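Reader: I'm new to this one and don't know where to start. Please pick a single spot on the outside and take me through it slowly.

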Amino acid sequence: MNTRSPRWLLLITNLPGQNQTLRMRIWRGLKAAGAALMRDGVYLLPETPDFRRVFEEHAREIRAVSGSVHILHFGADSTEQQNALIALFDRTADYQEFIARLRAWRKTLSMLTELEARKTLSIIAREAAATAATDLFPEKPHEQMQAALAEAQAALNARFSPDEPQPAHRKIPRRLLKDFKGKTWATREHMWIDRVCSAWLVRRFIDPKAKFVWLKDIKKKPKQALGFDFNGAEFTHVDSKVTFEVLLTSFGLDQDLALARLGSLVHFLDVGGIPVAEAAGFAAIVAGARALQTNDLALLNSVTPMLDSLYQNYGQEK
């Protein structure tokens, strides 16, 4: 919500008998929508067309089993009452709990394996995202929780991917796809998010016949190979952009909204910033794949179907 002075919708329900299954389903559905529980069977939401549809859908379900239901709309009588109603949606305590869990996780980070660390962070981030989705009046506590998540992600990267390149400060020249066909591309071995996603991007959208070289020592890059995601590489971090985003800009692919969304996901997981809801789960899957695969080509092949699926899904959400 963008306003501190909404009008309100009230859903008053009465289910017949002991229909606990329906009662629980309605409660869960309204909780997921962010509704405040005033008392048993009475729910509050700001008055918007979307929230009215939420209440109407549940009302139809209740009437179908001969229950009684009313949807009322009203405005607060005073500023004090308005503030009291808004306070019912306060998620500060939830955010404080997530921040405390993140602090505890960071204290144990040095003792965890990569999979353990990513799994735990994934769980916290997923639950935090679910809470944030129900925060209809986000304020400073929401920002603090997002900052804590970004700091946790940065700490994770520093622990398990410490050799990320330093950003260059230069213009990103526009490249022509026709000039980059059948090339050899080189990056550091044991790929993590930015590198593996960049390799997928190269093979999927830039150079379908690309060959890859995985480097233990970047100084031993083959002379004709195109380097990416290491200091001094032809394609690497530039200012605030990570390598994946630099490749998008270089080849004019940043106009593809699905690729741009993938870029936001890669950016957050590589250097932090604005959290992305699915980031922690994606990172956990890539971490598992990295632990299972014996080499970087196998890792790239393993995560390619997942990246293809994400791209397809993002494209459908345009």
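Author: Let's go with tryptophan 27, which counts as partly exposed because its relative accessibility is 33%; that class sits between buried, under 20% relative accessible area, and exposed, over 50%, with a 1.4 Å probe and protein chains only as cover. Bear in mind that this is a predicted model, where local features need pLDDT of at least 70, side-chain atom pairs count only at pLDDT 80 or more, and totals for chains, interfaces and linings use all residues. Numbering runs from 1 along each chain as its sequence is written, and side-chain values use heavy atoms, leaving out hydrogens and water.

To find tryptophan 27, look along helix H1, residues 20-33; a helix here is a DSSP run of H or I with at least four residues, a strand is a run of E with at least two, and both are numbered from the N terminus.

Tryptophan 27 has company out there: together with Met24 and Leu37, Trp27 makes a nonpolar surface patch of about 270 Å². Such a patch takes residues with over 30% relative accessible area and no salt bridge, joining nonpolar side chains within 5 Å; a salt bridge would put a side-chain nitrogen of Lys or Arg within 4 Å of a carboxyl oxygen of Asp or Glu.

Now zoom out from tryptophan 27 to the whole chain. Helix H1 belongs to a chain with eleven helices and seven strands. The C-alpha trace of that chain spans about 75 × 45 × 40 Å along its principal axes. Of the 318 residues in the chain, 46% are buried, whereas tryptophan 27 is partly exposed.

Notes:
Patches are made of residues with over 30% relative accessible area and no salt bridge: like charges are joined within 9 Å, nonpolar side chains (Val, Leu, Ile, Met, Phe, Trp, Tyr) within 5 Å. Accessible areas come from the Shrake-Rupley method with a 1.4 Å probe; for residues, only the protein chains shown count as cover.
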